[in-house]
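Q: I'm new to this structure and would love a close look at one part of it. Could you walk me through the surroundings of the ligand?

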Amino acid sequence: MDLDSILFTQGFGSRRQCRALIAEGRVSIGGAVCREPTASFSTDALSFEVDGQQWHFRERAYLMLNKPAGYECSREPQHHLSVFALLPGQLAARGVQCVGRLDEDTTGLLLLSDDGKFIHAYTSPKRKVPKTYLATTRHPLDDTQLVALRDGVLLHGEKQLIAAAAVHPRGERLVELTVNEGKYHQVKRMIAAAGNRCEALHRERIGMLALPSTLAPGAWRWLDEADLDALGVR
Ligand code: URA
């Protein structure tokens, strides 16, 4: 693939901007500056540097973010910062999107990708991907509430009861809940419908993929092969 196309597909700007980056000597491959936009390289295991920062060519981008509170899962946030402010600009430029949304005050595992099929598969209600949350409640959780969450609660606007796929109390006001759907404010609404109130919500896991304890709030990383296997991408 030509060098300008490589930069373009990886989100380094318009074709013109990519050609300018190359002409300005800001792009190196294999340690050598390349000023030729039409120089061709195999994209297999290709890495390159732009302004001294190393990038690996990725046909598709799959990443995880440990979302902090106070960020909206939108490119055009209404009241807070966007989660895209936590990522390098190249990722938004190449069309990376959130794989489902977390509320502004929800923290934890957020996946992002520019692979439309992957985004669809992981957000489609048909696929029923389990998502596990740790919820802190305002009041102590009692057995009636835990049973209601397990057996199903009726949410406003829904015709059928919605039950958590798993409910594990983790403390007096702490419960781990797994849900297979991705309805608007689902966990908060379920806890409210069970007679309590969700004060804090943290997503710990999507499918078999857990948020690594080493990923600090606000930090992101590419998904590795093991992560993609856990998600069933390959
Ligand atoms: N359920 C909610 O209520 N909020 C989220 O952010 C995610 C799931």
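A: Here is a tour of the ligand and the residues around it. Keep in mind that this is a predicted model.

Let's start with the place itself: the ligand sits in the largest pocket. The residues around the ligand are Leu 102, Asp 103, Thr 106, Tyr 133, His 185, Gln 186, Val 187, Lys 188 and Leu 201. By character, this shell divides into 4 nonpolar, 3 polar and 2 charged residues.

Where do these residues come from? Domain 2 (62-125 + 212-231) and domain 3 (131-206) each give at least three residues to the shell. Among the elements, helix 6 (residues 186-193) provides the largest share, with 3 residues.

Now for the polar contacts. The side chain of Thr 106 has an N or O atom 2.8 Å from an oxygen atom of the ligand. Two other residues take part through their backbone: a polar backbone atom of Lys 188 is 3.0 Å from a ligand oxygen, and a backbone N or O atom of His 185 lies 3.2 Å from an oxygen atom of the ligand. As for cover, the ligand on its own has 240 Å² of accessible area, and the protein covers 95% of that.

Note on methods: Residues numbered from 1 in each chain as written. Predicted model: local features only at pLDDT ≥ 70, side-chain atom pairs only at ≥ 80, totals over all residues. Heavy atoms only, no water. Near = heavy atom within 4 Å. Polar contact = N/O pair within 3.5 Å; in protein donor to acceptor, adjacent residues only side chain to side chain. Areas by Shrake-Rupley, 256 points an atom, 1.4 Å probe, with all protein chains shown as cover. 1 Å grid on protein atoms, 1.4 Å probe; cavity = no way out; pocket = protein on both sides within 12 Å on 5 of 7 lines; lining within 4 Å. Sits in = over half its atoms within 2 Å of the grid points. Helix = DSSP H or I, 4+ residues; strand = E, 2+ residues; numbered from the N terminus. Nonpolar A, V, L, I, M, F, W, Y, C, P; charged D, E, K, R; others polar. Domains from an automatic or database assignment.
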